[in-house]
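Q: I have just opened a structure and would like to learn how to read its features. Could you walk me through it?

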Amino acid sequence: MAAISFLGDLLQSISDRGRGLIAFGRDDPAKASVAEVVKLCEDLISRRGEASGVALARIILDRYDSFGRSDRHDFLRRIALEFGADHDAVGSAIAAYEKAPSRATLGRLHEAAEPRSQELIRRLNLARDGTIALVRMREDLFLLRDAARKADKPDAAVAEAVDSLDSDFEHLFASWFNRGFLVLRRIDWTTPAHILEKIIRYEAVHAISGWDDLRRRIEPPDRRCFAFFHPALLDEPLIFVEVALTTTIAAAIDPILAHERRHTDTREATTAIFYSISNCQKGLAGITFGNFLIKQVVEDLCREMPALKTFVTLSPVPGFRAWLDRERRADAPQGLTREDVEILRALDQPDWHTDKAKADAVKKALLPAAAYYFLRAKTPRGKPVDPVARFHLGNGARLERLNFLGDVSPKGLSQGYGLMVNYLYDLAAIEKNHETYANLGTVSASLTVNRELRQNLPPARAVALAEA
């Protein structure tokens, strides 16, 4: 960390010296308009001097940070439209390659085809704290993209340019945030308070109600929390996972999060339950961290506690309720019999889950529907409908168990009618499961889950909105 701080100080020194080398020829850059900042971006990618470039990048980012939302969107729209590739240069490079195909002419074609926005992003990243500023900038780009899609009269050219600019961000971030740069750190009660505050704020699965709740999750010996960090974002976790060490596979979240519970002696623990995985930076959407995180944590836990043999998740099912409600209303429901549809009308009644008779009846219809949801319901690309399932199955996990009323919190009921599932990370089968899923789309599932699936149901249909 000291080396990183030294590098940051060095960059700041270069930036400070570089400011004196820039002749703006215009008013104070701190008051520059959107159009003037775009012109500064043109200046930035045309400069050769390192010091002046670092200084100019910082000026651009500072001015961008001072903009309101409309000006930020205007800036990003202009960058998307005006900083594409030079089409004439691309055409010439294509002609040169067709005339004399070689690695050299192909390299020149590749260089010509790269949008200028990629070089702009690279140079902005030279500024101190440039990386986190660009991550936040991509968050603004998401808002612009959504607004462009929802416009009364969508502009196809703008929408295409914005999507292309987002691809530039994702392409560069995938390189900057690859596994080789990530640092795994355990989060415990000795972690600096400003990082713990972010853990509370970024928790996306089971909300942390405050400091006492956080302490219950990270301080006891049978609880763990790990996070990935990046050298350019020292105090900003990228993703973190919360782990419970137990002697059995948990079927519900309440006993894990209970204020008063019996602690497990870590010498007796045989099972590690990953009960919450939270991505922290919206601007890094599409950059894969979770698979590396789980594998690294499993390795670390195995070294610390060789007695651990079972590694499972206790996962929410965020798309299940929407899917089930749609099928219940359909003329030809998928995964449900007509009798199931009638039984599941109880789901429309308040507090149905607190009435044992209703809950028992619902369970008999809901679990077979859930088995169909995981094993048969597919997106147009042939992947499982549920986003959490796609993540864990893609990592090589096996769908191990369906847990009825595993999460009866308002959030758990609203997104999955209380359903939770366990994904098992069998270390001996992870690679095989990953390969069959990636190549054949096969969902690895236990016999228990497969037995819940009703027989003689109509063929599944693709669900168009599943990957939205």
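**Salt bridges and cysteines**

A: Happily! In this predicted model, Glu-236 and Arg-136 form a salt bridge, with their closest N and O atoms 3.7 Å apart. Glu-236 lies in the loop between β2 (223–229) and β3 (239–246), while Arg-136 lies in helix α8 (residues 130–150), so the pair ties together parts that are 100 residues apart in sequence.

Q: Is each partner of that pair buried, partly exposed or exposed?

A: Glu-236 is buried, with a relative accessible area of 12%. Arg-136 counts as partly exposed, at 28%.

Q: How far apart in helix α3 are Asp-62 and Arg-58?

A: Asp-62 and Arg-58 are 4 residues apart in helix α3 (residues 50–66), which means about one helical turn separates them. Their side chains meet in a salt bridge of 3.1 Å, N to O. Here Asp-62 is partly exposed at 38%, and Arg-58 is buried at 14%.

Q: How many salt bridges does the structure hold?

A: There are 35 salt bridges. Some residues are linked in a network: Arg-138, Arg-145, Asp-146, Asp-166 and Glu-170.

Q: What is a disulfide, and how many are counted here?

A: A disulfide is a covalent bond between the sulfur atoms of two cysteines. The count here is 0. Take Cys-225: the closest cysteine sulfur, in Cys-280, is 9.1 Å away, too far for a bond, because the cut-off is 2.5 Å. Cys-225 is buried, with a relative accessible area of 1%, and Cys-280 is buried at 6%.

Conventions:
Residues are numbered from 1 along each chain as its sequence is written. This is a predicted model: local features need pLDDT of at least 70, side-chain atom pairs count only at pLDDT 80 or more; totals for chains, interfaces and linings use all residues. Side-chain values use heavy atoms; hydrogens and water are left out. Buried means under 20% relative accessible area, exposed over 50%, partly exposed in between (1.4 Å probe, protein chains only). A salt bridge is a side-chain nitrogen of Lys or Arg within 4 Å of a carboxyl oxygen of Asp or Glu. Helices (H or I, at least four residues) and strands (E, at least two) are DSSP runs, numbered from the N terminus.
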